[in-house]
Amino acid sequence: MKAILLAGPARRVTRPLAAWSAALTALLVLNTAFWPAFRDNDGMTALAEGMPAPLVEALGLGDLGSPAGYLWRLYTLMVPLLMAIAGASVATALTARDEDGGRYELLLAQPVGRTGVLAGRLLVTAAWLTALGTVVLAVQLASNAAFDLDMPTGHLAATVALCTVNALVCATASVCTAAFVCHPAAAVGTGVGLGVAGYVASVLFPMRESWRSVQYLSPWDWALGGGPLTSAPEWWRYTGPLGLAAVLAAVAIAAFDRRDVHAP
Amino acid sequence: MNPVEVRGLAKSFGEVRAVCGIDLDVLPGEIVGFLGPNGAGKTTAIRCLLDLIRPTAGTLRLFGEDARRGGVRARRRVAYVPGELRLPPRATAHELLHEVARLRGDCDPVRRAELVGRLGLDPHRPAKTLSTGNRRKVALIAAFMTRADLLILDEPTSGLDPLLQQTFRELVREAKGRGTAVLLSSHVLAEVQRTADRAVILRQGRIIAEGTVADLRGRAAQRVEAVFAGPPPDLAAVPGVTDLAVDGQHVRARLSGPPGPLLAALARADVTAVDIAEPDLDDAFRGLYDDRKEATL
């Protein structure tokens, strides 16, 4: 693969990386800044004791006084969901939005194959999400140090890595849709929709016994369902979602090679 | 191996048949004008050649390579100016040209700088600030800075002022001088007339005429105007005269075939002025697009 097939798209997504990094940094720092107040106040824990157990579990209110319990809410919804939205947006910008804007026309008239072009964009998206995950981990570790939140680095790193893996699945789903149809809204909707559906299936469906088994279909649950903030995740929680992303990528490349490129 | 060999190319979009079985050849060093109004199928045929869209039927070869299976190899020898160049809004022309050069590997930076100067482009402005004409310049530089053996140009001068159109014609002639073949799609007939060796005219996805520009002009009716001292004679019965219009002593008509009968009729009358205009490609084009004449072609 020609290096320019990576360098060109990578240059274009540096601004979104800065914007998403700033947004997530603000979220993480603000959230962590309230930790000392929660640590020293058991009022929330007492409030949770009066609520139904499944609801307490779903909302992450069970152990607010511990570092892992405090970060649970953030890393079971906000961070993975925002990373999934970011990944789907960037993947769509590099594929469906570029094609819809007519920017594939000159590119694909050069001596490059469609497989190389799409594979390059998938790799840039993966690298972009890795960079965003690195920012999240670095900011959270710095915030922990600043606000005395004593959290094992290994557990935090595993959690952020699994958020990144989950976002990669959503981004690849967006690319897959973009490979079938040049429709940016459909592409970003697929990625974000998969993220939201995955969260609902993983966190909310288990509140009802008869729906509990649906969670096993959720890539979100595969990645984050094991409680990585408190226990080391099994190896398949990484490889399962990564395998799904690889399958989606292969389908995307095959589909894109078979259809007409949208005319500007 | 010819730069372009197309046989039986057809392309449908659902129920719409955009191209209906055309054959097309472009020989080395030849400039072929690809003529037709909007919707005739020119751009569709070009996009099939470049493997941007897949034909419904037919075979397409570039330098002997199948346009799909050997597309990457073939496109090393092809440069393309799209009908409309879209750029990432924040990218500059310099960045785009640099990217094209790295994708191709056959571009000369000195040549690129020379073209930037000749076309008067500021390469450091963001794409979102470029006018249509300046975006067209970027596309032309991206094509002409290569060492391609085939240039495929889709409406290359739209948005360019007359001086730049002249520069474009010089660039095409220079390319031809180096042995480069050119497929020039246009609906600007004068552009094709001035640059092309041969023209192919499309209508509703079919080739309705092809030949040298001189051939096509030769097939066209000549425009005749005559002024008489008195009442004009009745020229309607003269063989070859059509579209007769009389305005007082002033007569306008079109003449197909040998001029002898008309000249004899004019000589018998008291004619004070005669103008028989050499037909141009515009006349040929209009004639071919006249439904009444379609059946005779």
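Okay, so let's start with two residues in chain A: A:Arg259 and A:Glu99 are both buried. Keep in mind that this is a predicted model. Those two residues form a salt bridge, and their closest N and O atoms sit 2.7 Å apart. Now, where do they come from? A:Arg259 is in the segment after helix 13 (236-256) of chain A, while A:Glu99 belongs to helix 7 (residues 96-100) of that chain, so to speak a link between distant parts, 160 residues apart.

Over in chain B there's another pair to look at. B:Glu155 and B:Lys42 make a salt bridge, with 3.8 Å between the closest N and O atoms. This pair also links distant parts of its chain: B:Glu155 is in the loop between strand 7 (150-154) and helix 6 (162-177), B:Lys42 is in helix 1 (residues 42-49), and the two positions lie 113 residues apart in numbering. Buried or exposed, what are B:Glu155 and B:Lys42? Both are buried.

Next, a pair inside one helix. B:Arg111 and B:Glu114 are both in helix 4 (residues 109-119) of chain B, three residues apart, which is about one turn of the helix. They form a salt bridge too, the closest N and O atoms being 3.5 Å apart. How do the two partners sit? B:Arg111 has a relative accessible area of 13%, and because the cut-off for buried is under 20%, it counts as buried. B:Glu114 comes out at 37%, between the 20% and 50% cut-offs, so it is partly exposed.

And that pair has company: B:Arg118, B:Glu170 and B:Glu174 join B:Arg111 and B:Glu114 in a network of salt bridges. If you go through all chains, the count comes to 25 salt bridges.

Right, on to the empty space. Rolling a probe the size of a water molecule over the atoms shows where such space is left. The largest pocket here has a volume of about 710 Å³. Which residues lie nearest its centre? They are A:Arg12, A:Arg103, B:Pro88, B:Pro89 and B:Ala91, out of 29 lining residues.

Several helices of chain A supply at least two lining residues each, among them helix 1 (4-12), helix 2 (14-33) and helix 6 (67-94). Helix 7 of chain A, the one with A:Glu99, is on that list as well. From chain B, helix 3 (93-104) does the same, and helix 3 of chain B gives the largest share, five residues. As for character, the lining divides into 15 nonpolar, three polar and 11 charged residues.

Methods
Residues numbered from 1 in each chain as written. Chains lettered and ligands numbered in written order. Predicted model: local features only at pLDDT ≥ 70, side-chain atom pairs only at ≥ 80, totals over all residues. Heavy atoms only, no water. Salt bridge = Lys/Arg side-chain N within 4 Å of Asp/Glu carboxyl O. Helix = DSSP H or I, 4+ residues; strand = E, 2+ residues; numbered from the N terminus. Buried < 20%, exposed > 50% of the residue type's maximum accessible area, 1.4 Å probe, protein only. 1 Å grid on protein atoms, 1.4 Å probe; cavity = no way out; pocket = protein on both sides within 12 Å on 5 of 7 lines; lining within 4 Å. Points joined across faces, edges and corners; volume = space filled by probe spheres on them. Nonpolar A, V, L, I, M, F, W, Y, C, P; charged D, E, K, R; others polar.
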